[in-house]
Amino acid sequence: LMHLTKKLIEIRSMLLSIDQSDALKLPSIVVIGSQSSGKSSVLEAIVGHEFLPKGNNMVTRRPIELTLIHTPAGAGEAAEYGEFPALGLGKIIDFGQIQKTLTDLNLAVPASEAVSNEPIDLRIYSPHVPDLTLIDLPGYVQIASLDQPETLKEKIAALCERYIREPNIVLAVCAADVDLANSPALRASRKVDPLGLRTIGVITKMDLVPADQGAAILSGNRYPLHLGYVGVVCKPSGKKGRKESMDVVARRGDEFFRQHKEEYFNGASLMVGTDTLRKRLMEVLESSMASSLHGITNAVQLELEEAQYQFKVQYNDRRISPESYVAETVDALKARFKDFTTQFRKPAVRAKLKSMLDERVMDVLEQLYWSDKRVGEFTALGEDRRIKPEDVEPYWRYKLEAASSLLTKSGVGRDATLLVADGLRTLIDSIAAGEPFNFHPRAAERLVEFAHAILRDRIPLTADQVENCIKPYKYEVEVDDREWENGRREAVDLFEREVTMCEEKLKDIRRKVGGSRRLNNLMGYVRSLEERERERKKKRLAMVAAGEEEVEVEEESYKYPPAQIVDARHAALYADRLSTLKLRLTALKAKRCKAGPESDLLCPEAFLNVVADKLAYTSSMFINIELLDQFFYQFPREIDSRLLYNLDRNDIVEFARENPVVRRHLDLQERKDKLEEVMKQLNSLSTLRADVQPAPRRP
Ligand code: GDP
């Protein structure tokens, strides 16, 4: 029979870990009573150790789920110990330590809340305890002290009410010296169990009332309980500072009842003493569990069928494990990364660098040629066939050299390296932000962190290396015919793209202001404004020179809305640029430019394009060696060493459960597994079931 309770207690713990619904609950004994009724003393007498928090300021603030597990006697040195499964502290042999831990856990509940619904799970293994599950609840309070919330009384009552529901057994603790009519425990139990079918009364402090009165209480005539009353004396010595073993206390209790055997034993056969209480609890729990067995088996069967069905329907019976999820995630990450790396092959990188340099070429041309007042003269040079390259003025030779060195000395090493590194960074960031890493913010953060760290490491080295390798171009750039032709063609492409871009912008503005006529008017107006502004400036300067008083000229009001004036100014810039671009395009397409590198003075665009191309080629080569190869080698290794190898089992589970899809799958799978296990155990018990009788009613 003992075997049955033990097994069912195990099953009860498993069911509790599956879910908290009432349908899947096996009974436990719930201990309620008012403060100072002697609740703790009774529980400690049952366990045989002092282990509950002591103090006069509400030391029980959370339910304590106390599971007692009977172990065979003499099974080695650590036969008696406690465990807090949720805390992972291992076996605690020192019951003083258990008491301290319980005190800490209780006091961690803020005084402002006073009680918490979250139970503390404590298991005690001992050869001296029966197999029992007991739930200790905060004692009912009469008046709340000043630092306790007003609602404390209701909070405790509500908490107790939740626990004393079916199928639990209620252990109502009442002190003998307090009228049972005033016992909050009995009152609460009567509410949920009016016939007293699942309530045991425990009358403490029997030593404080005359024996005949005590016997009258235990006979239960006034408030009959189906499971009866047990009287106990758990009186400590009363001498302060002296620790007594629980044996001594128990013996004192036995002694008390022996002294009054007349009243308690003769004829009446009342239940007295902690030993009797222990046995009674075992009987009651056992029979209650046995009678729950049939119902619980059916309930588990139903839940199991549902879980199996859902598992089939939702996941087609596909099992997963946190480990497999982590492995898959890492594999997918590496594969994804590898896919992306194709974006960083040499030709792609080179094209990217080239377009960065193309922009720079445009800037250089703008700065050195197009904003030069002599640009007209320069263009005319190109058209004049009589002028030989060697006759061109040194001015233009200096210009070309300046342009070339502006390009080569513009910090290409650093900028090119940063451009590629930025590309990598964006790639990693997008991987980290996408599925499934959006579910794993900490892993994503680590991923980004070590990717950035590798880059930070490599960037200065790479930049220096690239800068070193393009150094020769800072002094001289040799161009052969093929390179020239290439450069010229690319310049033509570049200019044509630029022309298209300018035309698009002009078209946009034209649409915005309402047609080309309107835009022409606007631009004419803007030009006249500019003209007038120039005149005014000139006049002012003349006046200042002549020593005349400066006169503020009234701003005249605009004929058009200011936003359109701004648009017109932009349009004027684009139009100017467009005409320059078109002129230069003609030059680039002319015979003169096609002739070859000796025309470099007259076709700086083609020349600079060749320079840009050489810079891009050399840069991409060294960025490939110093940055990309290194990164592609290191990154997957860092994934292994930083995302994987330092994960323990808990981390892996936690990681997998961060993904809601995986979490749901794992939850259902675990639920199904546990229910299957419970079902197996329940089935193995069915043979025992037949022997169990319900607990007899006490006379
Ligand atoms: P709890 O607040 O309900 O847990 O009550 P305790 O177990 O802490 O007991 C309250 C007080 O009653 C303590 O001072 C105990 O020493 C005392 N007490 C407990 N059991 C007995 C008993 O059987 N006889 C006497 N005389 N005092 C007891």
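**Figure 1. The buried face of helix H22 in this predicted model.** Helix H22 runs through residues 649–658, and its buried residues are Ile-652, Phe-655, Ala-656 and Glu-658. Look down the helix axis and these buried residues fall within an arc of 155°, so they line one face of H22. The start of the helix deserves a look too: here a side-chain oxygen of Asp-648 comes to within 3.0 Å of the backbone nitrogen of Asn-650.

**Figure 2. The surroundings of the ligand.** There are 15 residues around the ligand, and those that come nearest are Ser-36, Lys-39, Ser-40, Ser-41 and Cys-234. Two serines offer polar side-chain atoms to ligand oxygens: for Ser-40 the distance is 2.4 Å, and for Ser-41 it is 2.5 Å. Cys-234 takes part through its backbone, with an N or O atom 2.7 Å from an oxygen atom of the ligand. On its own, the ligand has 580 Å² of accessible area, and the protein covers 73% of that. If you sort the shell by residue character, you will find 4 nonpolar, 7 polar and 4 charged residues.

**Figure 3. Helix H2 and its buried glutamate, Glu-44.** Which residues of H2 are buried? They are Lys-39, Val-42, Leu-43, Glu-44, Ala-45, Ile-46 and Val-47. With 7 of its 9 residues buried, H2 is largely enclosed by the rest of the structure. Lys-39 also appears in the ligand view, as one of the residues that come nearest to the ligand. Glu-44 sits in this helix, which spans residues 39–47. Its relative accessibility is 4%, under the 20% limit, so Glu-44 counts as buried. Leaving out residues up to four places away in sequence, Glu-44 touches His-49, Glu-50, Phe-51, Leu-52, Lys-54 and Met-246. Just after H2 comes Gly-48, whose phi is positive at about 85°.

**Figure 4. Ser-189 in helix H5.** This view centres on a serine within helix H5, which covers residues 184–192. Is Ser-189 buried or exposed? Its relative accessibility is 2%, so Ser-189 counts as buried. Once neighbours within four places in sequence are set aside, the contacts of Ser-189 are Ile-164, Val-170, Pro-194 and Thr-199.

**Figure 5. Two cis peptide bonds, each leading into a proline.** As background, most peptide bonds are trans. The bond from Glu-166 to Pro-167 is cis, with omega near 0°. To find Pro-167, go to the loop between helix H4 (152–163) and strand S6 (169–175). Glu-435 and Pro-436 are also joined by a cis peptide bond, and here omega is about -5°. Pro-436 belongs to the loop between helix H14 (412–433) and helix H15 (441–469).

**Figure 6. Positive phi angles at Lys-205 and Asp-317.** A negative phi is what most residues other than glycine have. Lys-205 is not a glycine, yet its phi is positive, at about 55°. You will find Lys-205 in the loop that connects strand S7 (199–204) and helix H6 (211–219). With a relative accessibility of 28%, Lys-205 counts as partly exposed. Asp-317 has a positive phi as well, near 60°. Its setting is the loop between helix H9 (274–315) and helix H10 (322–341). Asp-317 is partly exposed, with a relative accessible area of 41%.

**Figure 7. The protein chain behind the close-ups.** How many helices and strands does the protein chain have? The count is 23 helices and 9 strands. The chain has 699 residues, and 46% of them are buried. Among contacts with a separation of 6 or more, 82% involve residues 24 or more positions apart. The chain exposes about 36500 Å², with carbon and sulfur atoms supplying 52% of that area.

Terms used. Residues are numbered from 1 along each chain as its sequence is written. This is a predicted model: local features need pLDDT of at least 70, side-chain atom pairs count only at pLDDT 80 or more; totals for chains, interfaces and linings use all residues. Side-chain values use heavy atoms; hydrogens and water are left out. Buried means under 20% relative accessible area, exposed over 50%, partly exposed in between (1.4 Å probe, protein chains only). Helices (H or I, at least four residues) and strands (E, at least two) are DSSP runs, numbered from the N terminus. The arc is that of the directions from the helix axis to the C-beta atoms. A polar contact is a pair of N or O atoms within 3.5 Å; within protein, one must be able to donate a hydrogen and the other to accept it, and residues adjacent in sequence count only if both atoms are side-chain atoms. A residue is near a molecule or strand if one of its heavy atoms lies within 4 Å of it. Accessible areas come from the Shrake-Rupley method with a 1.4 Å probe; for residues, only the protein chains shown count as cover. Ala, Val, Leu, Ile, Met, Phe, Trp, Tyr, Cys and Pro count as nonpolar, Asp, Glu, Lys and Arg as charged, and the others, Gly among them, as polar. Contact means heavy atoms within 4.5 Å.
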